[in-house]
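Here are a few short exercises to work through, each followed by its solution. Have the coordinates open and try each task before reading on.

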Amino acid sequence: MLELGIVVALVIIASAICSGTEAALFSLRISKARELAKRSNNGKVLANIKENPDRPTSAIVIFNNVANIVGTFYITVLATKHLSVATQAWFPWLLTAAIILFSELMPKMLGVRHAATISSAMARPLYLTTILMTPLVWLIEKMTVKLMGGTQPMRTNEDEIRLMTSVGEKCGAIEDDEAHMIHQVFQLNDRTAGDIMTPRTEVSYIRCLATLGEAKQQIAQSQHSRLIVVGETIDEVKGIVLKGAVLQAIVEGKPDNTTICDLCEDAQFVSQGMQADELLEFFKTSRRHLAVVTDRFNGVAGVVTIEDVIEVITGEIMDETDTHMDMREVALSNGLKRVKVHSA
């Protein structure tokens with residue numbers, strides 16, 4: 001009778017470990033596994049299992065079925081040997097209830113609730129079990145690939161990250177401003193240079209042939225640290241001049257007939273359709289903070305700065321020299337005013 005009780009207990013425990021481990025692994029997010037990998041060696045093993053789940057999952061399924069099938073066989077033999085005919089009638093029902101409750105429901109509930117703890121604790125044993133069962137796992141893996149048409153790597157998408165961010169914000173794990181910025185990051189590949197630029201009607205520029213003496217007042221009054229340098233029209237961009245470079249030339253006493261062209265540097269050009277994330281990388285690699293935006297006819301559509309790109313994430317940033325929140329709105333407003341005056 002003791003022998004029967006021991007076998008039943010071993011079968012239930014083995015099945016419970018498999019069920020709980022499987023539930024914990026499937027409940028654990030890949031991002032959490034990668035976070036645990038930075039803290040401990042167990043975490044590294046766990047991250048490897050999450051990123052390559054096919055073999056460990058096969059090992060769990062094989063071990064669980066072996067325990068259940070072989071264990072049930074021995075339980076049947078021992079029950080026939082030690083139990084009376086009357087007891088044998090209700091014993092299978094009791095065993096089934098015990099397996100459902102203690103080997104399936106409770107372990108899986110615990111696995112879901114304590115996914116990180118259980119997954120970390122079982123990572124190394126599962127890894128070793130997978131190695132020991134490699135031949136059998138390999139065979140099943142090949143059969144599965146044939147049936148399923150190839151393996152599917154663990155991946156996530158933008159909607160899932162947005163959902164996780166919203167959930168984290170609601171439960172207090174992520175601050176409101178952090179959640180807003182995370183959501184806005186995804187706008188970087190949805191917004192273009194044409195969407196965020198300062199339109200040409202509001203662009204500050206200076207003539208290339210203007211002398212230092214002629215440009216003093218305009219430079220001093222400009223609220224911008226960079227101005228585009230143009231020829232006869234705004235579409236003839238000659239370069240970019242830094243306000244600081246002009247002021248330095250004045251302080252150093254350079255002749256008043258020095259032209260702005262002598263002080264300007266090459267301009268960078270981007271198309272209206274360039275996405276904001278590409279713009280950010282462009283500014284980082286070019287080490288420039290301003291670029292001229294061109295339209296499909298290679299005319300000047302406006303200018304865009306690294307600040308414009310950052311504002312996609314953070315919202316409008318105003319410093320002490322800014323007089324308007326959004327220059328695109330100013331341009332639109334001025335355009336409507338001109339239309340009304342013309343109509344009148």
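**Exercise 1.** Find the partner with which R288 forms a salt bridge, and place both residues in the chain.

*Solution.* Start with the criterion: a salt bridge needs a side-chain nitrogen of Lys or Arg within 4 Å of a carboxyl oxygen of Asp or Glu. R288 meets E265, with the closest N and O atoms 4.0 Å apart. Next, locate the two: R288 sits in the loop between α13 (276–286) and β6 (290–294), and E265 in the loop between α12 and β5, so distant parts of the chain, 23 residues apart, are linked. Helices (H or I, at least four residues) and strands (E, at least two) are DSSP runs, numbered from the N terminus. Finally, check the exposure: R288 is partly exposed at 24% relative accessible area, and E265 is also partly exposed, at 31%. Here buried means under 20%, exposed over 50%, and partly exposed in between (1.4 Å probe, protein chains only).

A word on the input: this is a predicted model, in which local features need pLDDT of at least 70 and side-chain atom pairs count only at pLDDT 80 or more, while totals for chains, interfaces and linings use all residues. Residues are numbered from 1 along each chain as its sequence is written, and side-chain values use heavy atoms, leaving out hydrogens and water.

**Exercise 2.** How many salt bridges does the structure hold? Describe the one between R200 and D235.

*Solution.* The count is five. For R200 and D235, the closest N and O atoms are 2.9 Å apart. R200 lies in the loop between β1 (198–199) and β2, and D235 in the loop between β3 (226–230) and β4 (237–242), 35 residues apart. R200 is partly exposed at 33%, as is D235 at 37%.

**Exercise 3.** Which cysteines form a disulfide, and which hand does the bond have?

*Solution.* Apply the cut-off first: a disulfide is a pair of cysteine sulfur atoms within 2.5 Å. A search of the whole structure returns one, between C208 and C261, whose sulfur atoms are 1.2 Å apart. The S-S torsion is about -70 degrees, so this disulfide is left-handed. C208 is in the loop between β2 (205–207) and α11 (212–221), and C261 in the loop between α12 (243–251) and β5 (269–271), so the pair ties together parts 53 residues apart in sequence. C208 is buried at 8%, whereas C261 is partly exposed at 27%. Lastly, rule out C264: its sulfur is 5.0 Å from the closest cysteine sulfur, in C261, too far for a bond.
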